[in-house]
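User: Hi! Could you walk me through this one? I'd like to begin with a single helix and then zoom out.

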Amino acid sequence: MDELIKNLVETYGPSGFEWKIRALIRDEIEPYVEDIKVDAMGNLIAHRPGDGDGLKVMVAAHMDEIGLMVSHITEKGFLRFTNIGGVRPQSLMGSRVQFSNGTTGVIYSEKLESWAKLHPLNKHYIDVGATSREDCPVEVGAAAAFLRPFVSQGNRWIAKSMDDRIGCAVVIEALKEIEHSINEIYFVFSVQEEVGTRGALTAANALQPDVGLAVDVTLSGDMPETNTIAVVLGSGPAIKVKDSGMIAHTGLVNQMKLRAEEAKIPYQLEVLEGGSTDARSMQIAGAGSAAGCLSIPTRYVHSQSEVVDVSDVKNSVRLLSDLLSKPINL
Ligand code: CO
Ligand code: ZN
């Protein structure tokens with residue numbers, strides 16, 4: 001699974017600019033599905049008909065990642081930028097980014113008055129080695145993704161964009177594992193989640209699923225003096241009960257708990273006070289669906305070194321395959 005995750009996290013694909021990551025995922029899953037298509041927004045939608053009278057299930061993992069977009073270029077060729085999704089100044093200085101044409105840039109900020117006070121994003125810039133606006137290799141509107149290699153170390157996987165390429169990996173592995181299912185399943189690799197769960201909204205409107213399940217990261221509460229959340233690394237996948245955009249369908253939550261208990265898969269219950277996932281869009285699209293989320297506990301979400309536990313990821317694959325292949329009693 002290391003190799004798949006490495007490829008997923010290192011492939012370019014900021015929100016709205018997902019064509020490279022979409023091509024990679026398509027190649028990976030095409031042999032395992034009945035049909036596959038790309039909708040107008042760019043969502044990759046793979047379909048597996050069920051072999052019984054189960055439910056219509058939409059599983060969504062977002063393939064976009066946070067990034068930066070060039071807003072203007074100074075006379076001397078430095079790029080000013082705006083954020084694509086939740087990018088924070090504390091993880092920027094000295095970082096590298098890459099544009100779709102391969103241009104690499106270094107991010108820095110204007111001189112700080114005090115090390116205790118960071119500048120906002122608009123006082124940062126990207127240096128791509130240009131000396132004037134004219135010789136700049138990228139233009140206004142170009143999108144950059146962060147540049148960081150994947151590292152596998154002991155029980156931990158470290159990378160940028162684990163949010164949500166690790167969710168994509170879990171869905172891909174489950175899709176390969178499931179041979180038969182009573183349920184009709186649509187595997188959706190969604191676009192533009194980081195800018196407001198937009199891709200999942202149009203996909204769910206088109207598919208009108210009975211069940212909408214997101215597979216995404218959630219926060220971890222086990223670092224020094226961090227956010228309070230009853231989720232830690234290494235204690236199994238988290239079953240979301242609530243986040244700031246959604247209250248999960250209780251029948252689906254109970255079904256996930258039951259599947260985990262029967263298969264002896266460790267799990268945690270998640271109440272996340274800030275943030276949401278594609279499940280929010282699936283829940284309220286069209287006439288609505290029974291929505292929930294299987295979350296992978298992750299440290300340092302939206303930094304360029306997001307950390308997950310290997311056993312949590314493997315257990316997430318087991319729980320997802322089990323849930324999808326058996327009858328879902330809401
Ligand atoms: Co995110
Ligand atoms: Zn995410």
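**Helix α4 and the whole chain**

Analyst: Happy to! This is a predicted model. In helix α4, which covers residues 198-207, the buried residues are Gly 199, Ala 200, Ala 203, Ala 204 and Leu 207.

User: Where do those buried residues sit around the axis of α4?

Analyst: They are on the same side of α4, because they cover an arc of only 120° around the axis. As background, an α-helix has 3.6 residues a turn, so residues three or four places apart point the same way.

User: Nice. And what covers the buried residues of α4?

Analyst: The cover includes the strands β2 (44-48), β3 (56-62) and β12 (184-190), along with helix α6 (278-284).

User: What phi does Gln 208 take, just after α4?

Analyst: Gln 208 has a positive phi there, about 50°.

User: OK, zooming out. How many helices and strands does the chain have?

Analyst: There are seven helices and 18 strands.

User: What about the radius of gyration?

Analyst: The chain has 20 Å, which agrees with the value near 20 Å that a compact globule of 330 residues would have. Its C-alpha atoms fill a box of roughly 65 × 45 × 35 Å along the principal axes.

User: And how many of the residues count as buried?

Analyst: Of the 330 residues, 54% do. As for contacts with a separation of 6 or more, 76% are between residues 24 or more positions apart.

User: Last topic, charges: how many positive and negative side chains are there?

Analyst: The chain has 31 positive and 43 negative ones, with the centres of the two sets 5 Å apart.

Methods
Residues are numbered from 1 along each chain as its sequence is written. Chains are lettered from A and ligands numbered from 1 in the order in which they are written. This is a predicted model: local features need pLDDT of at least 70, side-chain atom pairs count only at pLDDT 80 or more; totals for chains, interfaces and linings use all residues. Side-chain values use heavy atoms; hydrogens and water are left out. Helices (H or I, at least four residues) and strands (E, at least two) are DSSP runs, numbered from the N terminus. The radius of gyration is taken over C-alpha atoms; the globule rule is 2.2 Å times the number of residues to the power 0.38. Buried means under 20% relative accessible area, exposed over 50%, partly exposed in between (1.4 Å probe, protein chains only). Contact means heavy atoms within 4.5 Å. Lys and Arg count as positive and Asp and Glu as negative; His and the chain ends are not counted. The place of a charge is taken as NZ of Lys, CZ of Arg, CG of Asp or CD of Glu. The arc is that of the directions from the helix axis to the C-beta atoms.
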